[in-house]
Amino acid sequence: MSGRGPDASAPIGAPRTRAVHRAVADARRGVPVVLAGQHPLIVAPAETVGAEGLHLIDRLAAGPASLLLAPARAAAVLRRPLAETAPAVALALARPLIDAATLRRVADPTLEQIMPSFALTSVPDQAEAALALGKLARLLPAMVVAPVRPGWASLPLGAGLLAVPAADLLAYPTNLAATLNRVAEVEIPLEDAPDARLIAFRALDQGIEHMAILVGAPAAKAAPLVRIHSECFTGDLLGSLRCDCGPQLKGAIRRMAEEGAGVVLYLAQEGRGIGLINKLRAYTLQDRGLDTVDANRALGWQADERNFHIAAAMLDAIGLKRIRLLTNNPEKMAGLAACGVDVAERVPHVFAPNGVNDAYLDTKARRFGHLLD
């Protein structure tokens, strides 16, 4: 869809869900999108926007452009502390907008940090939604924004641009769970659990799949053992020693096989929800001295961006109302409880440091509150 966005007060239905998906796809390609609302903005991610996208923003802007950053990233760029009471900080950009390479350096702290001075400017009303679009696209949350000209959709330059309600972008992560569908199921004997089967779930979010690994018959248990496991390409597949994800995954399946039943929910939420590429960027920052929490925040993300509504919907779909949660993370228990899951018990899931991940585990305990004793 293009031109005017739909009424943001209406329930999010299929056409509006498709609009969010297209906005995400456009953001990943560096194509500007208009955020509809009381004060509409034209926006594009600093990470992907090129000369053509900057030209569009420049020509369709009704006022000065700015670069929106999370406060932690903005503080690093400005080299001074900033209050973190607002979701975003706005840096004034000079017109015409021509320097895409500098914008990428400002967005990405892993790149060479040679950049001009910036001045603070007023933060637009739709700032939080603009950063949310970058996060939904799994890009760095750094967005070039400007107020858009009235009648932009009728202009030749604006005719093909998408308008999406800012409210829909903010509501999308929570509403996504309602679109979850069970799409495939198959027996898949595992090395440590010969009686396992796999159920694949898909939400209306560009085909991303979440998996439930069922060991035995968990629905027959009053409160079966459940592990909520966010995918980890480096740890689960490659056996990386930087984290404890691989041992946690295999250990959970082995523990469930010993008990005779259980479920691992394998969620497509790499890097606590920031995505694989951003997790690798965070690793780069960790190699420069930051811990897990500060590395994520330096990239403009929260320490944990996961959505447990998906996990709750998966549990409901396989008929589990009351569970024992295999975790060291009290926040995970609280997150599931807030989504309506009855967590009867926390079952510890501790693995010894391996000599490489010692600092990582220490950060989990000190800054995330994981119970590793």
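The dialogue below reads the overall fold, the largest pocket and the largest cavity of a predicted model.

User: Before turning to local features, how many helices and strands should I expect to find in the protein chain?

Analyst: This is a predicted model, and its protein chain holds 14 helices and 14 strands.

User: How does the radius of gyration of the protein chain stand against that of a compact globule?

Analyst: The general idea is to set the value beside a rule based on chain length; since the chain has 373 residues, a compact globule would have a radius of gyration near 21 Å, and the 22 Å found for the protein chain therefore agrees with that expectation. Along its principal axes, the C-alpha trace spans about 65 × 45 × 30 Å.

User: What share of the residues is buried, and what do the contacts add about sequence separation?

Analyst: Burial is judged by relative accessible area, with under 20% as the cut-off, and buried residues account for 52% of the 373 in the protein chain. Of the contacts between residues at least 6 apart in sequence, 69% join residues at least 24 apart. The accessible surface comes to about 16,400 Å², and carbon and sulfur atoms own 55% of that area.

User: Which residues lie nearest the centre of the largest pocket, and which elements line it?

Analyst: A pocket is an open set of points, whereas a cavity is one from which the probe cannot get out. Here the largest pocket encloses about 1,100 Å³ of space, and among its 44 lining residues Lys135, Leu136, Arg138, Trp301 and Glu305 lie nearest the centre. Two or more lining residues come from each of helices H1 (14–28), H3 (71–78), H5 (127–136), H6 (166–175), H9 (270–273) and H12 (309–317), with H5 giving the largest share, 5 residues. By class, the pocket lining comprises 22 nonpolar, 10 polar and 12 charged residues.

User: How many cavities of 30 Å³ or more does the whole structure contain, and what lines the largest cavity?

Analyst: The search of the whole structure finds 1 cavity of 30 Å³ or more, and the volume of the largest cavity is about 410 Å³. Its lining has 29 residues, of which Cys245, Arg272, Arg306, Tyr360 and Lys364 lie nearest the centre. At least two lining residues are supplied by each of strand E11 (225–230), helix H8 (245–259), H9, helix H10 (276–287), helix H11 (292–298) and helix H14 (358–367).

User: What is the make-up of the cavity lining by class?

Analyst: The lining of the largest cavity has 8 nonpolar, 12 polar and 9 charged residues.

Technical notes. Residues are numbered from 1 along each chain as its sequence is written. This is a predicted model: local features need pLDDT of at least 70, side-chain atom pairs count only at pLDDT 80 or more; totals for chains, interfaces and linings use all residues. Side-chain values use heavy atoms; hydrogens and water are left out. On a 1 Å grid over the protein atoms alone, a cavity is a set of points where a 1.4 Å probe fits but cannot get out, and a pocket is an open set with protein on both sides within 12 Å along at least five of seven lines; lining residues have an atom within 4 Å of a point. Grid points are joined across faces, edges and corners, and a volume is the space filled by probe spheres set on the points. Helices (H or I, at least four residues) and strands (E, at least two) are DSSP runs, numbered from the N terminus. Ala, Val, Leu, Ile, Met, Phe, Trp, Tyr, Cys and Pro count as nonpolar, Asp, Glu, Lys and Arg as charged, and the others, Gly among them, as polar. The radius of gyration is taken over C-alpha atoms; the globule rule is 2.2 Å times the number of residues to the power 0.38. Buried means under 20% relative accessible area, exposed over 50%, partly exposed in between (1.4 Å probe, protein chains only). Contact means heavy atoms within 4.5 Å. Accessible areas come from the Shrake-Rupley method with a 1.4 Å probe; for residues, only the protein chains shown count as cover.
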